[in-house]
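Biologist: I am new to this structure and would be grateful for a close look at a single part of it. Please describe how the helices in that part pack against one another, and then turn to the backbone and any enclosed space elsewhere.

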Amino acid sequence: SGSGLPHAALAAQIARQAKVLGDDAGNFAVVFAAIGITFEESDFFVQEFRRTGAIDRTVLFTNLANDPAVERIATPRMALTAAEYLAFEKDMHVLVILTDITNYAEALREVSAAKKEVPGRRGYPGYLYTNLATIYERAGRQMGKKGSITLIPILTMPEDDKTHPIPDLTGYITEGQIILSRELFRKGINPPVDVLPSLSRLKDKGIGVGRTREDHAGTMNQLFAAYATGKENKELMSILGEAALSPTDLLYAKFADEFEKRYVAQGSEENRSIEETLDLGWELLSILPKSELKRIKPEFIEKYLPKKEG
């Protein structure tokens, strides 16, 4: 995320709406760690959890901006130790939210400088990668244990710079990232998730028959490709004018607008299920000619694509 973007609201929404499917539904906890954030931001999470009743299953660790830097380094580890206890001793499924990892790395740099260690890129210690890995790699499962830990670390990129050491190294270690876009935020789209650079390296193992729905993979690939094409066409339109685009190109541009307005913009109170999301995806794909849906199996197109009137 970047400073001023609604990452806190999105994290609170995920914590509020997250649930475990099947028999383990009640066996769910949230561990929240505030790392060097302001009192207002920390209080926002507490009030949000209280308002929705999620506080009953939440463990909070709070290190505010005016607390010592040494405490800041310990906070995420204490939170993950609590999560490991709940997951692997009490067989619970635990969602851990850490905000803000940038403050953690700054504290690490401060302590490293005080110890007169040799600085690495941008003054951060050379072991920043290893140190971040000791936090991120604690997510997952243990063999023979029923519980699991899902970790959502939030980091605000200094100057919105994706190549800054903190987001750069985080991208190497984590299994995916959700990137927020200032441009979408300015358009009033909430949450302003930038779909194209966001990714998940594990999605193929968690979607499809028996997990979500048979058409999930194909629909996702088609939506992604159509949105990318639509954005390109919109850029062309702003340079060359609408007349330079073919009718199909114009449909792609329309698709990109509708995709942002209806698919990405979910609002902070709507709790959309995966089936509703897939159905909405099909509805948007019906904007395009059927011949353009090249990434979905024909039998799924027949089964799920809304039939046009007349």
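Modeller: The account below begins with helix α10 and its partners and then moves to the cavity and the backbone. Please note that the model is predicted.

Helix α10 covers residues 247–264, and its contacts with α9 and α11 are taken in turn. Helix α9 comprises residues 216–240, and its axis comes within 7 Å of that of α10, the two crossing at roughly 115°. Angles of 65 to 115 degrees count as roughly perpendicular, and α9 and α10 are therefore described as roughly perpendicular to each other. Their crossing is left-handed. On the α9 side, the contact is made by L223, A226, Y227, T229, G230, K231, N233, K234 and M237. On the α10 side, the residues are D249, L250, Y252, A253, F255, A256, D257, F259, E260 and Y263. By character, the residues of this contact comprise 11 nonpolar, 3 polar and 5 charged.

The other partner is helix α11, residues 274–285, which packs with α10 at an angle of about 155°, the axes lying 10 Å apart. Since an angle over 145 degrees counts as roughly antiparallel, α10 and α11 are roughly antiparallel to each other. Here α10 passes α11 in a right-handed crossing. From α10, the residues F255, E258, F259, R262 and Y263 take part, and they meet T277, L280, G281, E283, L284 and L285 of α11. The residues of this contact divide into 6 nonpolar, 2 polar and 3 charged. F255, F259 and Y263 of α10 thus appear in the contact with α9 and also in the contact with α11.

As for enclosed space, the count comes to 1 cavity of 30 Å³ or more. The largest cavity holds about 30 Å³ of space. Its lining consists of P6, A9, L10, Q13, N190, P191, G267 and S268, which divide into 4 nonpolar, 4 polar and no charged residues.

Two of these lining residues, N190 and P191, lead to the backbone, for a cis peptide bond joins N190 and P191, with omega about -5°. P191 is located in the loop between α7 (182–186) and β7 (199–200). A further cis peptide bond runs from T99 to D100, with omega near 15°, and D100 is in the loop between β3 (93–99) and α4 (101–114). Finally, D91, a residue other than glycine, has a positive phi near 55°; D91 is placed in the loop between α3 (69–89) and β3. These features deserve mention because most residues other than glycine have a negative phi, and most peptide bonds are trans.

Key: Residues numbered from 1 in each chain as written. Predicted model: local features only at pLDDT ≥ 70, side-chain atom pairs only at ≥ 80, totals over all residues. Heavy atoms only, no water. Axes fitted to C-alpha atoms, helices over the stretch in contact; angles between N-to-C directions. Helix = DSSP H or I, 4+ residues; strand = E, 2+ residues; numbered from the N terminus. Parallel < 35°, antiparallel > 145°, perpendicular 65-115°, else oblique. Left-handed = near helix turned anticlockwise from the far one by under 90°. Contact = heavy atoms within 4.5 Å. Nonpolar A, V, L, I, M, F, W, Y, C, P; charged D, E, K, R; others polar. 1 Å grid on protein atoms, 1.4 Å probe; cavity = no way out; pocket = protein on both sides within 12 Å on 5 of 7 lines; lining within 4 Å. Points joined across faces, edges and corners; volume = space filled by probe spheres on them.
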